[in-house]
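Please work through the exercises below with the sequence and the structure open beside you, trying each task before you read its solution.

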Amino acid sequence: MELTNKTLKEILLKSGFVSEADLEKAATSAKEHKKSLADVLIFRGLITEQALGQLIAEHLGVAFISLRGRIIPTKVLEFIPEKLARSYRILPFEADDKKLHLAMEDPKNFETLEFAKRKASLQVVPYYITANDLNRGLGQYKRGIKTEFKSIVLKNIAKAKGVAKQLSTAAEEIPVVKLLDTIIEFAAAEGASDIHLESFTDHLIVRFRIDGILRDIINLPREVQPAVVARIKILSSLKIDEHRIPQDGRFKFAVDTDFIALRVSILPGFYGENVVMRLLAESARPFSLEELGLTDINLKVVQNNIKKSYGMILVTGPTGSGKTTTLYSILNMLNSISVKICTIEDPIEYGIRRISQIQINPKAGLTFASGLRSLLRHDPDIMMVGEIRDQETAKIAIHASLTGHLVLSTLHTNDAAGTIPRFLDMGAEGYLVASTINAVIAQRLVRKICKNCIKEYQPDKTSLDFFIKEMGPKIAKQKFYKGMGCDECNSSGYRGRIGIFEVLEVNETIRQLTIKKASADVIQQAAEKNNMATMLTDGFNKIAAGLTTIDEVLRVVRE
């Protein structure tokens with residue numbers, strides 16, 4: 001069910017959650033970008049998914065249910081088969097001897113209610129669930145693939161060994177196709193960000209990166225490696241007979257009704273070619289700043305600074321800390337018909353409608369610096385530079401922000417305060433840096449505690465003493481939680497990730513210190529006096545909320 005924009009506007013105006021002016025802007029943006037009004041409202045931070053769902057449920061006269069973080073028992077899922085649940089857009093989440101509690105995108109659909117009643121032979125109690133929450137919940141049907149995965153793979157391995165030796169033919173054979181499809185489907189069901197295929201003397205190892213950590217999944221016989229790699233090359237439109245040089249490509253893969261874009265990198269190795277495939281969900285709604293983990297003062301500083309029409313916003317952190325995701329979320333919030341947005345990236349991870357995105361190509365002379373210089377002649381309002389790596393790019397970015405453009409970019413530094421000295425080290429003048437940088441966002445990703453096995457516990461004395469020393473004795477009275485390990489989290493105790501942040505707003509004090517070329521420590525002290533929440537403080541707030549563990553925060557803060 002998709003409520004009409006008119007009805008949705010009436011519900012929101014009546015609630016007072018969103019102003020009429022913001023609603024009109026969001027509706028216009030939704031139409032231009034071919035997105036739902038609800039999605040635009042959520043990723044722009046005008047209302048939370050939970051609040052919107054409750055308002056719609058109240059309008060429909062049914063209860064609201066959020067299944068985020070909730071594990072549905074397999075015996076309950078079995079009341080409605082996966083194929084029918086996806087077709088009817090419903091999800092059973094609780095049952096007893098008499099009633100089946102059913103999450104529905106359209107709880108007023110009489111035909112669907114009657115179908116569920118007949119199928120389950122129980123009285124059905126309907127609940128409203130948001131479309132995105134329903135999509136996440138439907139993924140729970142894929143839990144069964146864990147037990148089926150190895151049997152499917154092993155069955156197709158035996159067949160794959162017997163396929164024709166000609167690679168182009170072998171890559172199209174059903175066992176090889178099924179083998180690769182099963183690996184990708186399993187990776188998507190597990191929430192993996194990357195699939196690694198690594199060749200060795202007698203086997204091919206399949207590994208998934210889940211929540212930032214690599215895990216061995218299965219060993220395949222060495223004989224299937226050429227055919228599997230050839231299949232990936234065909235899907236990615238790469239040269240199937242080239243084995244000596246690296247190749248990069250892309251392809252799309254359908255998982256049920258969703259599409260995943262896979263970015264492929266193939267490297268020649270001593271024992272054969274190795275493959276890494278990055279999984280990017282194309283149909284997913286962009287994250288709002290709150291969903292990324294920005295809260296309280298950090299959220300306010302970012303929201304205030306992205307409204308400015310010029311200057312620079314920098315996101316900093318190590319590789320894999322979610323910098324690009326943060327930038328893409330900000331771009332989606334700023335994307336409207338009244339502005340021209342251009343990006344230069346390496347690589348382009350997500351295609352965004354109505355944004356001019358350019359992939360750098362050093363061999364052709366298209367670098368970040370030359371691309372950024374060319375973008376200035378393209379009449380942009382907002383520019384995103386994938387990374388500021390050198391003096392030339394830094395100077396052009398500063399020039400762009402001084403001449404009335406909002407520039408977004410990333411930099412590799414350990415914390416927010418260290419970004420300004422890093423810029424100065426690139427040869428930029430202090431007074432120019434002071435005039436252009438609006439805010440610096442430093443971030444890390446921490447794993448979230450698995451909601452299925454969360455328990456209160458007492459952390460070890462060393463970890464606790466560290467927090468007490470940094471934040472005071474009151475910390476000792478805080479409750480701490482961790483995941484004990486279960487099937488849902490592969491016994492890790494964690495499932496999913498969230499950001500911890502430190503946002504430095506460049507005020508007059510910071511500007512004067514920048515002009516004087518003050519050290520990172522001096523800038524850090526001044527920022528903290530100005531109420532900047534440190535990354536450690538933000539991490540502790542997420543520990544107190546039961547989102548992550550003390551060990552996770554210490555792991556990323558001490559990197």
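Three exercises follow, and they concern a predicted model.

**Exercise 1.** Work out whether the radius of gyration of the chain agrees or disagrees with that of a compact globule.

*Solution.* Begin with the expectation, which for a compact globule of 559 residues is a radius of gyration near 24 Å. The chain has 25 Å, which agrees with that expectation. Then take the extent of the C-alpha trace, which spans about 70 × 65 × 55 Å along its principal axes. Finally, consider the interior, where buried residues make up 51% of the 559 residues.

**Exercise 2.** Determine how helix H1 and helix H4 cross, and which residues meet there.

*Solution.* First locate the helices, H1 at residues 5–15 and H4 at residues 49–60, whose axes come within 10 Å and cross at roughly 105°. Because angles of 65 to 115 degrees count as roughly perpendicular, H1 and H4 are therefore roughly perpendicular to each other. Next list the partners: Thr7, Leu8, Ile11, Leu12 and Ser15 in H1 meet Leu52, Leu55, Ile56 and His59 in H4. Sorted by character, the residues of this contact comprise six nonpolar, three polar and no charged.

**Exercise 3.** Identify the residues with the most contacts inside the largest nonpolar core, and the helix that gives the most to this core.

*Solution.* The largest nonpolar core has 55 residues, and those with the most contacts inside it are Ile388, Phe423, Phe467 and Leu504. Helix H17, residues 391–402, gives the most to this core, with five residues. A second, separate core has 51 residues, including Val40, Ile306, Tyr328 and Ile330. Returning to Leu504, its contacts beyond four places in sequence include Ala416, Ile420, Val440, Ile523 and Met532.

How values were computed:
Residues are numbered from 1 along each chain as its sequence is written. This is a predicted model: local features need pLDDT of at least 70, side-chain atom pairs count only at pLDDT 80 or more; totals for chains, interfaces and linings use all residues. Side-chain values use heavy atoms; hydrogens and water are left out. A nonpolar core is a set of buried Ala, Val, Leu, Ile, Met, Phe, Trp, Tyr and Cys residues joined through side-chain atoms within 4.5 Å. Buried means under 20% relative accessible area, exposed over 50%, partly exposed in between (1.4 Å probe, protein chains only). Helices (H or I, at least four residues) and strands (E, at least two) are DSSP runs, numbered from the N terminus. Contact means heavy atoms within 4.5 Å. Axes are lines fitted to C-alpha atoms, for helices over the stretch in contact, and angles run from 0 to 180 degrees between N-to-C directions. Angles under 35 degrees count as roughly parallel, over 145 as roughly antiparallel, 65 to 115 as roughly perpendicular and the rest as oblique. Ala, Val, Leu, Ile, Met, Phe, Trp, Tyr, Cys and Pro count as nonpolar, Asp, Glu, Lys and Arg as charged, and the others, Gly among them, as polar. The radius of gyration is taken over C-alpha atoms; the globule rule is 2.2 Å times the number of residues to the power 0.38.
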